[in-house]
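This report describes one protein chain for a reader working at the bench. Please keep the sequence and the coordinates at hand while reading.

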Amino acid sequence: MISEETYYVVDSLGVSHPETIERARVTLPQLFVEGGLGWMIGISLFLIAMLIAAWKAPRWVREIGIGALVFAIFGTLMGLLQILNAMQMFGDVSPAVLCGGLKVTLIPTFYGFIVYFISLIIRVIQKPRI
């Protein structure tokens with residue numbers, strides 16, 4: 001889905017002109033697919049295991065969260081290697097293409113940090129009260 005936003009830009013003479021910028025809205029399923037199905041499903045499996053561990057084995061919650069984060073960072077590093085290989089093969093790459101690749105590469109790490117943060121929240125809730 002594409003939305004249009006209107007901005008007013010002032011030129012060198014001080015006259016403002018309306019400019020329309022089209023922005024694509026990104027949904028969560030699109031981010032899930034763009035982040036790489038293998039990596040995102042793997043992180044989701046860590047999330048499911050963490051939620052089960054919160055009920056069955058509470059001491060493992062933080063470790064599973066750390067595992068999700070490490071797995072996500074590994075996915076990001078693999079994506080960076082793919083970007084560098086593509087740049088080496090094609091030579092001159094436009095900055096827009098490079099920024100798009102970096103954005104897609106960082107999605108698993110962002111998701112991994114979310115899962116790790118959830119694990120920390122669960123650990124705080126499960127701690128005995130003083």
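What pLDDT does the chain average, and what share of the residues score at least 70? The model is a predicted one; its chain averages a pLDDT of 85, and 80% of the residues score at least 70. Among the elements of the chain, helix 2 has the highest mean pLDDT, at 95, and strand 1 (residues 2-10) the lowest, at 57.

**Overall architecture**

The chain is built from two strands and four helices. Along the sequence these elements follow the pattern β-β-α-α-α-α. The chain has 130 residues, of which 23% count as buried.

**Helix 2 and the nonpolar patch**

A nonpolar patch of about 550 Å² lies on the surface and is made by Val33, Leu37, Ile41, Leu45, Ile48 and Ile52. Helix 2, which spans residues 37-56, gives the most to this patch, with five residues. One of the patch residues, Ile52, has its place in helix 2. Is Ile52 buried or partly exposed? Its relative accessible area is 47%, so Ile52 is partly exposed; the range for that class runs from 20% to 50%.

Ala53 also lies in helix 2. In contrast to Ile52, Ala53 is buried, because its relative accessible area of 6% is under the 20% limit. Ala53 and Ile64 are eleven residues apart in sequence, and their C-alpha atoms are 8.5 Å apart in space.

A contact between a charge and a ring is found as well: Lys56 lies over the face of Trp55, at 4.5 Å from the ring centre.

**Aromatic pairs**

The structure holds four aromatic pairs. In one of them, the ring centres of Trp39 and Phe74 are 5.6 Å apart and the planes meet at 70°, so the pair is edge-to-face. Trp39 belongs to helix 2 and Phe74 to helix 3 (residues 61-90), so this pair ties together parts that are 35 residues apart in sequence. A further pair is formed by Phe46 and Phe71: the ring centres are 5.7 Å apart and the planes are at 45°, so this pair is tilted. It too links distant parts of the chain, with Phe46 in helix 2 and Phe71 in helix 3, 25 residues apart.

Ring pairs link Trp39, Phe46, Phe71 and Phe74 into a cluster. The accessibility of these four residues is listed below.

| Residue | Relative accessible area | Class |
|---|---|---|
| Trp39 | 24% | partly exposed |
| Phe46 | 27% | partly exposed |
| Phe71 | 26% | partly exposed |
| Phe74 | 46% | partly exposed |

**The salt bridge and the placement of helix 4**

How many salt bridges does the structure hold? There is one salt bridge. Lys103 forms this salt bridge with Glu34, and the closest N and O atoms are 3.9 Å apart. The pair counts as a salt bridge because the cut-off for such a nitrogen and a carboxyl oxygen is 4 Å. Lys103 lies in helix 4 and Glu34 in helix 1 (residues 28-34), so the bridge links distant parts of the chain, 69 residues apart. Both partners are partly exposed: Lys103 has a relative accessible area of 46%, and Glu34 has one of 32%.

Glu34 takes part in a further spatial relation with helix 4. Val104, which lies in helix 4, is 70 residues from Glu34 in sequence, while the two are 6.1 Å apart in space, C-alpha to C-alpha. Val104 counts as partly exposed, at 28% relative accessibility.

Helix 4, which comprises residues 95-126, also contains Ile114. How far apart in space are Ile114 and Leu69, C-alpha to C-alpha? The distance is 8.6 Å, although Ile114 and Leu69 are 45 residues apart in sequence. Ile114 counts as partly exposed, at 36% relative accessibility.

**Summary of the contacts**

Two kinds of side-chain contact described here link parts of the chain that are distant in sequence. Helix 2 and helix 3 are joined through Trp39 and Phe74 and through Phe46 and Phe71. Helix 1 and helix 4 are joined through Glu34 and Lys103.

Notes:
Residues are numbered from 1 along each chain as its sequence is written. Side-chain values use heavy atoms; hydrogens and water are left out. Patches are made of residues with over 30% relative accessible area and no salt bridge: like charges are joined within 9 Å, nonpolar side chains (Val, Leu, Ile, Met, Phe, Trp, Tyr) within 5 Å. Accessible areas come from the Shrake-Rupley method with a 1.4 Å probe; for residues, only the protein chains shown count as cover. A salt bridge is a side-chain nitrogen of Lys or Arg within 4 Å of a carboxyl oxygen of Asp or Glu. Buried means under 20% relative accessible area, exposed over 50%, partly exposed in between (1.4 Å probe, protein chains only). Rings of Phe, Tyr and Trp (its six-membered ring) pair if their centres lie within 6.5 Å; planes under 30 degrees apart count as stacked, over 60 as edge-to-face and the rest as tilted. A charge sits over a ring if NZ of Lys or CZ of Arg is within 6 Å of the ring centre and within 35 degrees of the ring normal. pLDDT is the predictor's confidence in each residue, from 0 to 100.
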